[in-house]
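Reader: Got a model to go through with me? I'd like to hear the reasoning behind the labels.

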Amino acid sequence: MAKRYADIIIDILHQDLDKTFQYIIPEMLQDKIAIGTSVEVPFGKGNKLIKGFVINISNKPQIDPSKLKEIHKSSNEKVNIESQLIQLALWMSNQYSSTIISALKTVLPIHQKIKHKEEKRIHLVIDDTKCKELIESAKKKNHVAILRLMETLKEKSNLDYTYVTKNLKIPLATLKKLELNQIIEIISKENYRKPHNFNKNQSYTQPTIFQQKIIDEVVSDYYSEKFKTYLLHGVTGSGKTEVYMRIIEEVLNSGRQAIVLIPEISLTHQTVKRFYERFGEKVGVIHSKLSQGERYDQYVQAKNGAIQIMVGPRSALFAPFENLGIIIIDEEHETTYKSDTTPKYHSKEVAIKRAEISNASVVLGSATPSMESYTEALEGNYKLLELKERIDNRPLPTVSIVDMREELIQGNKSMLSESLRSSILDRLNKKEQIILFINRRGYSRFVSCRECGFVIKCDHCDVAFTYHNNGKLICHYCGKNISMPSTCPSCKSKYIKQFGTGTQKVEEYIQKEFPRARILRMDTDTTSKKDSYEQILTKFGDGRADILIGTQMVAKGHDFPNVTLVGVLAADLSLYMNDYRSSERTFSLLTQVAGRAGRGAIKGDVIIQTYSPEHFSIQNARMQDYNNFYNEEISYRRIMNYPPFTNIMVILLISEDENLVIKTSYELVNLIKNMLDSTNCDIIGPTPASISKMNNLFRQVIYIKAEEYNRLLEIKKKIEIINVENNKYNNMAMQFDFNPLFSY
Ligand SMILES: Nc1ncnc2c1ncn2[C@@H]1O[C@H](COP(=O)(O)OP(=O)(O)OP(=O)(O)O)[C@@H](O)[C@H]1O
Ligand SMILES: [Zn+2]
Ligand SMILES: [Zn+2]
């Protein structure tokens with residue numbers, strides 16, 4: 001048999017060893033070694049044995065084979081799932097241009113040294129008569145500990161170990177002795193931590209004919225082994241979750257597993273509850289508020305088959321399912337699906353890749369699909385599925401727009417318009433519930449006129465200037481900057497200022513206006529504890545509060561049938577961020593938050609307060625007309641050459657030396673210009689980053705646009721080679737991001 005060689009990545013905990021080493025696969029290990037196998041290899045001068053992972057196998061040695069060492073030993077564990085995940089990590093490290101190690105750390109739980117929580121119980125193993133004798137003799141000999149234990153055990157027959165040692169204060173030696181004499185038995189049973197407690201519900205909803213048609217389509221593709229990516233575009237409240245659950249049921253029946261991704265942790269409670277009611281103990285959950293131990297337990301159970309559906313944000317994508325059948329991404333348009341740490345992957349792309357590796361289907365669901373996904377669907381790359389109506393033919397809520405400039409003219413300077421104020425009062429009287437949404441994205445960053453609504457924008461880029469603390473307004477797309485004007489350039493009003501209201505201020509104000517209303521607030525301040533989302537949402541869901549005030553986290557996914565009024569306090573805040581995606585984000589946010597109203601028997605109303613009532617994002621959100629919005633936005637993207645028509649790579653340069661970072665950024669741009677054939681790339685910048693100084697480090701950004709994604713990867717590789725060859729960027733950190741969802 002020809003000799004085979006394995007590329008091995010050495011112990012993942014050594015950050016600096018981000019390269020592979022080739023080893024000979026010895027005869028006796030030939031059939032034990034595959035991609036993903038964990039092995040022990042001799043390393044370095046002393047040939048110390050260390051752990052590594054096989055990431056590739058070939059027939060060709062890279063150097064003189066007599067210089068290669070042999071793999072010492074391979075672990076006997078089944079490798080299938082690790083091998084799939086390692087394959088995925090390798091793809092990620094290439095696609096997002098990160099180190100192999102950081103990609104591996106993302107997909108595999110590296111630190112596995114967490115102890116299982118053990119539950120031990122003490123059982124009485126002698127009969128009643130014997131027990132009484134023992135109690136009598138303990139009394140005589142004045143053995144108080146034994147007496148105490150026996151009397152309690154006689155009644156309960158078995159007790160929790162910790163209770164016995166801590167509460168009854170029985171010494172360990174005594175327990176040992178009793179065990180030795182076969183009076184008691186200490187039985188330990190592995191006990192998995194359960195992060196959620198719900199009951200399985202037996203009554204099932206019957207799918208509507210519209211839901212059924214979609215379920216049938218996906219399921220029949222699945223059974224004929226056509227594993228595709230679907231885009232389920234269903235209006236708010238159309239019952240997408242039921243569709244997911246029915247499809248998953250079939251996947252489970254076929255002996256395979258499912259992953260359900262949700263955009264953020266605030267939605268975990270509702271989704272896990274719904275899935276748990278349907279599937280019981282088979283549902284697992286992974287999110288950042290679980291303890292290390294809880295997370296590890298979920299991982300182990302997914303691996304051993306106890307858990308078959310993993311629900312959670314991003315990281316649930318890496319659940320170690322051997323036979324993954326489907327990945328669902330709910331609210332697929334959400335920006336939280338993009339990782340903000342290296343590798344900066346997009347969950348949708350990784351999900352599609354993972355599905356390809358394991359022959360699984362992917363369902364993306366949203367009432368407001370991302371521009372990218374909808375374009376893919378129109379081009380036939382994803383299969384488009386639509387739910388155009390709400391369940392039971394319930395109407396979508398009526399959305400009205402209030403022009404806050406008018407309110408000001410009428411002398412109303414408060415944050416509530418007259419119409420929103422009277423509607424709130426009306427619902428409080430009717431004992432119906434209200435959600436007040438404060439759009440905090442772009443908080444305090446752009447500058448607008450309170451009188452005419454004018455927003456100060458860069459004349460080259462059609463994006464709002466960003467307000468900087470030194471009183472300067474800077475365009476982060478071209479670098480142009482101006483001083484903050486003292487009057488509105490359009491109407492000369494002096495009510496021009498940067499924007500923003502905090503949630504807490506809103507809560508205080510609303511409470512003062514409606515003293516009898518029971519108010520809950522949900523934002524990052526009120527949700528720092530592990531179960532705070534759950535508490536707030538359960539309280540509101542049970543009707544123990546009238547008004548829920550919150551930021552983005554109240555906007556989507558929630559299903560509260562008694563909510564009949566949704567108020568949006570400042571729709572504009574996300575409209576003029578220095579970001580070409582701001583229209584899309586505003587539209588989907590408003591449509592999503594509007595979609596929380598009228599999901600039960602009573603029709604809902606939505607009131608959107610804005611200074612830009614004519615903006616097409618707001619107008620289309622009012623009509624809840626996704627297609628119209630898409631058509632307007634896509635033509636803008638085409639003209640401006642933004643994604644999905646191009647790909648963008650960001651280079652962020654960071655240094656404590658301001659002059660150096662600026663000088664280098666210009667040099668780098670020249671260098672890139674020289675290496676490009678300029679026909680198919682566009683360079684924008686360098687400019688100072690939105691946060692141009694952070695922790696005393698100065699930040700410059702360069703944007704490169706290219707139609708072909710791989711061009712960007714090539715450019716990046718070249719820059720790195722130059723860097724390694726002449727140590728060019730030594731006193732500087734350089735970060736790359738591909739198709740970022742926010743501007744830098
Ligand atoms: N077939 C059905 N029969 C009766 N009620 C249903 C059915 N399917 C779903 N529902 C109910 O309709 C409501 C809305 O469903 P769901 O929350 O899944 O909507 P959605 O499409 O995910 O909306 P959003 O995009 O706003 O999150 C839920 O209360 C759900 O229980
Ligand atoms: Zn500009
Ligand atoms: Zn003005």
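Author: P686 sits in strand β28 (residues 681-694), strands being DSSP runs of E with at least two residues and helices runs of H or I with at least four, all numbered from the N terminus. This is a predicted model, where local features need pLDDT of at least 70, side-chain atom pairs count only at pLDDT 80 or more, and totals for chains, interfaces and linings use all residues. Residues are numbered from 1 along each chain as its sequence is written, while chains are lettered from A and ligands numbered from 1 in the order in which they are written.

Reader: What is the peptide bond from G685 to P686, cis or trans?

Author: Cis, with omega near 5°. Another cis bond joins P643 and P644, with omega about 10°, and P644 lies in the loop between α19 (626-640) and β27 (647-655).

Reader: Why is E331 called buried or exposed?

Author: A residue is buried with 20 or more other C-beta atoms within 10 Å of its own, exposed with 12 or fewer, and partly exposed in between, with C-beta atoms placed from the backbone. E331 has 24, so it is buried. Its phi is near 50°, a positive value in a residue other than glycine.

Reader: And what makes K169 buried or exposed?

Author: K169 has 11 C-beta neighbours inside 10 Å, so it counts as exposed. Phi of K169 is positive too, near 55°, and K169 is in the loop between α5 (161-167) and α6 (172-180).

Reader: Why point out those phi values and cis bonds?

Author: Because most residues other than glycine have a negative phi, and most peptide bonds are trans.
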